[in-house]
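The following exercises concern one helix and its surroundings. Please examine the sequence and the model, and attempt each task before reading its solution.

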Amino acid sequence: MRITIEGASEEFERKLLELLAEHRELAVSVDTAWDVDRAMVFLNTLNEDARLFVRLVVESDGHLEAAVLREAFSGGLRGPTVALTYALKRGYKHGWWPEGTEAPVTVVYGGGPQDGWRQASAYEMSGEDLPVFRAALAHYDATTSRPSWDEEAPSAFAVHPGWAADADAPRALYDDPPTAPNFPDEATR
């Protein structure tokens with residue numbers, strides 16, 4: 001028998017696992033594998049740079065040299081990689097995936113352990129996660145496309161085009177700003 005419960009609190013999970021352990025000799029495990037739904041949530045919580053980072057690793061069949069990524073991200077790799085880490089932790093915190101779920105993109109360090117600080121030489125995604133994230137990125141692209149905007153942004157102070165020119169609409173700016181708060185006093189209530 002296989003049971004999948006998503007969105008449960010840690011307390012519920014702990015009690016359920018204790019109950020199962022009490023009553024039967026079961027092999028209890030938590031599914032920490034990435035699926036398309038989890039990958040979509042992960043992608044949706046990322047900023048654009050981090051999402052591009054994941055996309056580049058996926059498009060390179062799961063292995064991309066860090067030098068290529070450094071060229072793509074002129075501000076360095078720290079921003080996107082930190083965003084990936086925070087997104088993973090946010091998923092643990094909100095119960096979107098269980099503790100122990102591996103990061104989908106991992107770093108490969110160059111040099112040996114004797115070198116001390118080592119710079120990242122590449123970033124990888126496992127072969128099991130690659131098709132999942134390909135599908136999630138395809139779904140993301142299909143559902144979150146935004147139309148291109150090549151016009152000037154409308155003025156925030158202009159009257160909305162659907163309103164009449166003489167409409168009684170609140171204005172964002174006052175000709176004579178008030179000098180004191182406009183709180184009603186007891187006499188006007």
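**Exercise 1.** Determine which backbone nitrogen a side-chain oxygen of asparagine 47 reaches at the start of H3.

*Solution.* The partner is the backbone nitrogen of aspartate 49, to within 3.2 Å. The model is predicted: local features need pLDDT of at least 70, side-chain atom pairs count only at pLDDT 80 or more, and totals for chains, interfaces and linings use all residues. Residues are numbered from 1 along each chain as its sequence is written, and side-chain values use heavy atoms, without hydrogens and water.

**Exercise 2.** Check the length of H3 against its expected span.

*Solution.* Helices are DSSP runs of H or I with at least four residues, numbered from the N terminus. The expected span is 1.5 Å times one less than the number of residues. H3 has 12 residues, so 16 Å is expected; the end C-alpha atoms are 16 Å apart, which agrees. Just after H3, aspartate 61 takes a positive phi of about 60°.

**Exercise 3.** List the buried residues of H3 and state what they pack against.

*Solution.* Buried means under 20% relative accessible area, with a 1.4 Å probe and protein chains only. The buried residues are Ala50, Arg51, Phe53, Val54, Arg55, Val57 and Val58. They pack against H2, strand E1 (63–65), H4, H5, E3 and H6.

**Exercise 4.** Find the contacts of valine 54, leaving aside its neighbours within four places in sequence.

*Solution.* Contact means heavy atoms within 4.5 Å. On this basis, valine 54 is in contact with Phe42, Leu43, Leu46, Leu84, Val105, Met125 and Phe133.

Key. Helices (H or I, at least four residues) and strands (E, at least two) are DSSP runs, numbered from the N terminus. Buried means under 20% relative accessible area, exposed over 50%, partly exposed in between (1.4 Å probe, protein chains only). A polar contact is a pair of N or O atoms within 3.5 Å; within protein, one must be able to donate a hydrogen and the other to accept it, and residues adjacent in sequence count only if both atoms are side-chain atoms.
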